[in-house]
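Work through these exercises with the structure open beside you. Each one sets a task, then solves it in steps.

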Amino acid sequence: MGTVLFENLQAESSFCCFLKYNIGMKEGRGIKLWAVAVWLIVWEVAARLLNKEIFLVSPIKAVSRFAELAITGNFWFSVLGSFGRIAVGFLLAVAAGVILAALSAKYKRVRELFGPVMLAIRTVPIASFIILALICFSSKYLAILISFMIVLPTIYENVFTGIEETDKSILEMGKAFNVSGSKIRRYIYWPEVYPYFRSACKTAVGMAWKAGVAAEVIGAPKGSIGAMLHQAKIYLETADLLAWTIGIVLLSLFMEKILLLILTGVNSSFRKLPATGGTRTADAKIATDITLKNISKAYYGQQVLKNINFVFPGGAISAIRGLSGAGKTTLMRIIAGIEKPDEGTIDYTAASSVETARKSANEAVKYSAPPRVAVVFQEDRLLDYMTAEENIRFANENLGAGEVSLAMKAVGLNESTKPVGEYSGGMKRRVAILRALLALGGNTILLLDEAFKGLDAETKKLTMDFIKERADGATVILVTHDRDEADAMGTEHFLYL
């Protein structure tokens, strides 16, 4: 009897989830209301022809019975009890799923450890978990445990996939600009993970109700919808059974809508950079010599760089030139600290009196890693959902009010509230250049990797002039295969690969 009851309730709950999910879908993808109306008419006709309410009551009778139950205190006592237990299980699973997914994405051993657990939860029948749980726990908390277990894998796998699918080049950009971990999580990871997380939550709400109510039917704790369904089944009260089923659909839909409303609000506010204020005094540029010593790098047995020795003088504009595939970008990435050479070392020597004030007079300060870099990559690597101003401030949150606006005007960009994803290629390129220029600090090294591609002649000149003005005194390295471009920048030193 118990097995039959459980199977019937699973089927009824599945129908609830199916109906709730599809009615709430976007136009053109879900169930049409006219189709629902047709089947309700069929249901009504079948109930009248059968004329045996013990087997099938009409939809009108089911809705009428639901209305009668909804005005009783016992109804709301059961509803609040089930809603609370299922919501607690759901929220605990969401928190645990997000944390475990983040740890699994970062640590391979965590992923290997929890892989079998998630597989077991996905494949073992719900009934087995419920029966095992009843042996160890009170039926009062059974719905919490089962809702938790059924939701956990869905949240975990979707969030993990979102993290893994995050654009690695954007993460690399954040690292190059020394962006804090909290900003990377908020402005890079969150927008990428959010669609996966939202979809998982929407699906998991229905699953939580399906599993939670099924657990209550077997455990039959006091003050629960499951207990009322169990009672209706025993006394063959088909109208009550269908009325409570309507209640489950409505509660599941209500919980989903509230959750998605909250997530939408969080997503909207979470992506916004805090407003800037005040003014900023530009840091004095510090001349940093960059000395390459026997730098070598290979990929999969293919030698890209071999025994490169060179000094990029501090405060000057230098260029790395060579044909495509010569290793220009690879060397730039090594100088930026994004990659490590297979052999050799790089010394960064700051000789400015500002930097050496803490040391003895005229003593140079040496670093084994770049003190600070600002990079224009071959790709724009912008956050497409942000505006141009927000992309620029992402790399330097200390920019003063109006500073970004003046810089944009200097390179022919107008202020706009449009996300940069809607910009043309040339406009995006100028935003990427400004992001690097306005991130320049005291001892910043500016690296320009094919920075001017996609710009017309007039815009290129305008942008070059602004770079030379803004980066004056900084150590600038231009990666290019174009000699005219290097000359136009006033390049003084060349490294040929």
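**Exercise 1. Classify Arg 483 by its accessibility, then describe its partners.**

Solution.
- Arg 483 has a relative accessibility of 36%, so it counts as partly exposed. The model is a predicted one.
- Next, look for an acidic partner. The side chain of Arg 483 meets that of Asp 487 in a salt bridge, at 3.0 Å from N to O.
- Place both residues. They sit 4 residues apart in helix H18 (residues 483–488), so about one helical turn separates them.
- Check the partner. Asp 487 is partly exposed, with a relative accessible area of 40%.
- Now look for a ring. Arg 483 lies over the face of Phe 494, 4.4 Å from the ring centre.

**Exercise 2. Find the salt-bridge partner of Glu 397 and say which parts of the chain the pair ties together.**

Solution.
- The partner is Lys 183, with an N to O distance of 3.7 Å.
- Glu 397 lies in the loop between helix H14 (388–394) and helix H15 (403–410), while Lys 183 lies in helix H9 (residues 181–219).
- The pair therefore ties together parts that are 214 residues apart in sequence.
- Lys 183 has a relative accessible area of 11%, so it is buried.

**Exercise 3. Is Asp 347 buried or exposed? Compare its salt-bridge partner.**

Solution.
- Asp 347 has a relative accessible area of 18%. Buried means under 20%, so Asp 347 is buried.
- Its salt-bridge partner is Lys 293, with the closest N and O atoms 2.7 Å apart.
- The bridge links distant parts of the chain: Asp 347 is in strand S4 (residues 343–350) and Lys 293 in strand S1 (residues 288–299), 54 residues apart.
- Lys 293 is partly exposed, at 36% relative accessible area.

**Exercise 4. Which residues touch the most other members of the largest nonpolar core?**

Solution.
- The core has 76 residues, and Leu 292, Ile 335 and Leu 446 touch the most other members.
- Helix H16 (residues 425–437) gives the largest share of this core, 6 residues.
- Take Leu 446 and set aside neighbours within four places in sequence. Its contacts include Ala 374, Leu 440, Ile 467 and Val 476.
- Another core lies apart from this one. That core has 56 residues, among them Leu 100 and Ala 243.

**Exercise 5. How many aromatic pairs does the structure hold? Then find a cluster of rings.**

Solution.
- The structure holds 12 aromatic pairs.
- Ring pairs join Phe 66, Phe 75, Trp 76 and Trp 244 into a cluster.

How values were computed. Residues are numbered from 1 along each chain as its sequence is written. This is a predicted model: local features need pLDDT of at least 70, side-chain atom pairs count only at pLDDT 80 or more; totals for chains, interfaces and linings use all residues. Side-chain values use heavy atoms; hydrogens and water are left out. Rings of Phe, Tyr and Trp (its six-membered ring) pair if their centres lie within 6.5 Å; planes under 30 degrees apart count as stacked, over 60 as edge-to-face and the rest as tilted. A charge sits over a ring if NZ of Lys or CZ of Arg is within 6 Å of the ring centre and within 35 degrees of the ring normal. A nonpolar core is a set of buried Ala, Val, Leu, Ile, Met, Phe, Trp, Tyr and Cys residues joined through side-chain atoms within 4.5 Å. Buried means under 20% relative accessible area, exposed over 50%, partly exposed in between (1.4 Å probe, protein chains only). Helices (H or I, at least four residues) and strands (E, at least two) are DSSP runs, numbered from the N terminus. Contact means heavy atoms within 4.5 Å. A salt bridge is a side-chain nitrogen of Lys or Arg within 4 Å of a carboxyl oxygen of Asp or Glu.
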